[in-house]
Structure formats: C-alpha cells, structure tokens
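User: Let's go through this model together, one question at a time. Please give your reasoning each time and finish on the answer.

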Amino acid sequence: MQGKRVLLIVGGGIAAFKTPELVRLMTRAGLGVTTVLTEGGAQFVTPLTLSALSGNPCHTALWDLTREAEMGHIRLSRAADLLVVAPATADLMARMAAGLADDLAATLLLATDKRVLIAPAMNVRMWEHPATRRNLATLRADGILTVGPDEGAMACGEWGEGRMAEPEAILAAIRAALAEEEPPLRLTEQVLRLPPEAAVQPGPAALPGPLSGGHVIVTSGPTHEPIDPVRYIANRSSGAQGAALAAALRDLGARVTFVTGPASVPAPEGVAVVAVETAQQMRAAVEAALPADAAVMAAAVADWRVVNASERKIKKDAAGLPPTLKMTQNPDILAWISRDAQPRPALVVGFAAETDDIVANATAKRARKGCDWIVANDVRPATGIMGGTENAVILVTDRGAEHWPRLPKDEVARRLAARIARALEGR
Ligand code: C5P
C-alpha cells in the first residue's frame, strides 16, 4: 500500500469518532491520506484532528474548492487511488445512490473515476429500512465496495446490525481494494478474447460437390454469458440443427467454419470448429472467418449480457441481499453480417424461433435484420421442437413463405443446404 493515496470522506454519524484512529492506522501503513468532512461529520470530529493526523489539509466546503479556477473537486477526487467513506450514513448512501452533488462529499463521489469503498454506520432500523436496502443494492450494482456494518450495541442504546466496521477491518478492506488494481468489470473484457480452445481446427479437404470451392460460416448452439467465473446465463438450445446444417453443407462440398457456443451435441467431423462461449466472442469469430459465400446463423445468441460480471465468485451477502445484475444488449451478429460486414456474404440466412404469428413475425424479422432468408420454426413447448429431433420450418425469402413438412432435423438441414447450393450456383 506504500505510496497509495486515499481520500477519506467522513460522514455525520457518531461512528465518526473512530475515524482519527482509522487515519492513524492508514498513515502508519504508508498510505497518503487526504480527508473531507461533511457538515454532519464536523459535529463529531474536528478538521484540526484529521489534518494533524493525516498531515494534509482537511477539506470541508464545496465552495472553497470550486472557487479555484482549476475545478478543485474534480482534481481532489481524481488524485486519489481509492475513495473511502467512513462512516457512510443512511443519508449519504441515499445521496450517492441518487447521484446527488449537493455538498463537497457527494460531489467528489460523483466526480470520481476511482473505486469507492463505504463503511456504512447507522441505527439498526435505518439499516434494515427498505429504502436503505434499495440504496445499498444500487450502490453495489454501481461497483461500490462495502465493509461492515457489524452487529452489536449502538450508541442509541439499541442492539443490532449497523455499527461501523472497526478501523482495522476498514484498513483490511482498503488493502484488498487497492490490491485489485483493475476495475471490477475486467471479466467482461476478458471474455471478449477468444478462449484458447477456440483456435480453428481445420477440417479435411472439402469433398467434391455443388458447393466445392465455396466457404460457408455456420453459427450454432447457445451462448453463455458470465455472471462471475463460475456462474452464467444461458438458454436451452442444443445446437442440433446448426450441427446438422454444417454437416449437410460439408457433404455438398463446402468448406465450413462452424462457430459454436457450448452446445450439447458434438460438432460434426470435417468442418473447421471455432468454439466460443459468449455472444461477443461469437461475433469476433464470425468476423475473423470472413470472407464467406454464405452465412447461416443458427445460434441462439443471448440477447443480453451482464455488464457488472464479477472477476471473483460472488459470495452470499451477510445481510441477505441478493446481487443486482446489470444487463446490456449483446451485438446482433445476424443484423451486423447482413448490413455492415465487409465483405458481406452473398447469402445470409437467419433463424427465427417463434411461438405466435410465425409468418408475420419471421417476415418482419427478415426485413429488420436485413438477411436474405429466414428459417422460422414453431417452438411452442407442445411441438417438442426445441431440443427435439424434428423440425417443422417455414422458409421466408423475398418471394414469400414456404411451409415445409415436419421432418427430422437432418433432413431439414439437407434440404436447406441444397437450397443454399442452388442459390449460390454460378457464383
Ligand atoms: O433476434 P432473434 O434472436 O429473434 O433472431 C434470431 C436470429 O438472429 C438467429 O438467426 C440468430 O442466430 C440471430 N442472432 C444473432 N445475434 C444475436 C441475436 C440473434 O446472430 N445477438
């Protein structure tokens, strides 16, 4: 921790009396400490005490800083490696959760680009109040770290959870926060890189056939979107239809790049397999496989991923609060390859799993995504298609909708591959 700088914000609660001891421990551990007192905090501890112990001035008012031409509050919040709020009162937590900037402390917390650790301290009823629960959940979802509160006797005479963590425990949490040098969203960036097993495994030379010399990309299977290193969000796609299509295209002589999520059926022999996990990886793998004559997007790509995926396994919370997962939209690979890919494959085929108004929805999807064909199927549970061995599809092209009979997925794949070969004929 030697040489790291911490900005300590002291809120207005009785637990503020422990902060001089915290400052002493921090400076002894080699940390550079700058302090900020809220108006309430100044009722419990004096600026003189904090500045004497930290060896740095203690800031108390927003206007002292904003009067400076160079936006002192921004500078103050950025100069630190970590912001610590101790005690974090119910009021300060509420203001942080709402994104208010109505005093120096709140402004610094809003202006910072650094990690923030809070040590909540309040009466047990205030801690248990649904409003505080909501605010805590919001702050956690924003990536704010917490330490405590502890259970025990309170200054108000009650007993329960709400005592500020002891200075030693806060110091340990500071040490842990500073040790994690990267911001908490690193897992999301890591998963963008393709896993080592994604390396393309080349298939044997393509067989002679109507698609000889052609290259087709097939996406297949579900995607897994991580919550933390051991948990993920997924869907029930088996990857059976995609695998059957890749095999059928291979049998017609195409060189096939098979980009597959974690499917429950094996990849076919004789195709180049790229194994991915997430939608972002799948998008990158499809792009890397271009150019192609045709792209058949049979994967059930997750529409959303977790933005605040944790680098470490999320632990059960002592206060019984479940984690809040923040989601964001995944790239739409089909829409991207249809509209923006360079070079765009001559034929792009999308899939649509529908439960109602199949033709109307598939026709609208074809237009929305910009693909050439949509292979639509009825996935109402009663059909047994999702995860089953048969499929009843409707092929939507620029000429309208063709209803195919219910057939084994292998046969659907053979017919579709033959149609693809006919469409690419003469190219
Ligand atoms: O948008 P929706 O999931 O209904 O569309 C299904 C089609 O879009 C499938 O072909 C699927 O592979 C493709 N898709 C995609 N990327 C997404 C979502 C869907 O390629 N993010």
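**Annotated sites, helix packing and backbone**

User: Where is the place of aspartate 303?
Analyst: This is a predicted model, in which local features need pLDDT of at least 70 and side-chain atom pairs count only at pLDDT 80 or more, while totals for chains, interfaces and linings use all residues. Residues are numbered from 1 along each chain as its sequence is written, and side-chain values use heavy atoms, with hydrogens and water left out. Helices (H or I, at least four residues) and strands (E, at least two) are DSSP runs numbered from the N terminus. On that basis, aspartate 303 sits in the loop between β14 (294-297) and β15 (304-306).

User: Which residues does aspartate 303 touch, not counting residues up to four places away in sequence?
Analyst: Contact here means heavy atoms within 4.5 Å. With those sequence neighbours set aside, aspartate 303 touches Thr328, Gln329 and Asn330.

User: UniProt has a "binding site" feature; which residues are in it?
Analyst: UniProt positions use the numbering adopted here, feature names are shortened, and annotations may be inferred rather than shown by experiment. The feature comes from an unreviewed entry, and its residues are Asp303, Lys313, Pro331, Asp332, Ile333, Leu334, Phe351, Lys365 and Lys369.

User: How far are they spread in space?
Analyst: In sequence they are spread over 67 residues. Between C-alpha atoms, the spread reaches up to 38.0 Å.

User: And which residue does the UniProt "active site" annotation cover?
Analyst: Look in the loop between β7 (150-153) and β8 (159-163), where cysteine 156 lies. The annotation, again from an unreviewed entry, covers Cys156.

User: How are α1 and α2 oriented to each other?
Analyst: Axes are lines fitted to C-alpha atoms, for helices over the stretch in contact, with angles from 0 to 180 degrees between N-to-C directions. The axes of α1 (residues 19-28) and α2 (residues 47-54) come within 9 Å and cross at roughly 15°. Angles under 35 degrees count as roughly parallel, over 145 as roughly antiparallel, 65 to 115 as roughly perpendicular and the rest as oblique. The two helices are therefore roughly parallel.

User: Which residues of α2 make that contact?
Analyst: From α1 come Thr19, Pro20, Val23, Arg24 and Thr27. On the α2 side, the residues are Thr49, Leu50, Leu53 and Ser54.

User: What is omega for the peptide bond from alanine 86 to proline 87?
Analyst: Most peptide bonds are trans. Proline 87, found in strand β4 (residues 82-88), follows a cis bond, with omega near -5°.

User: And what is phi of aspartate 357?
Analyst: Aspartate 357 is in the loop between β17 (347-354) and α14. Its phi is positive in a residue other than glycine, near 40°.
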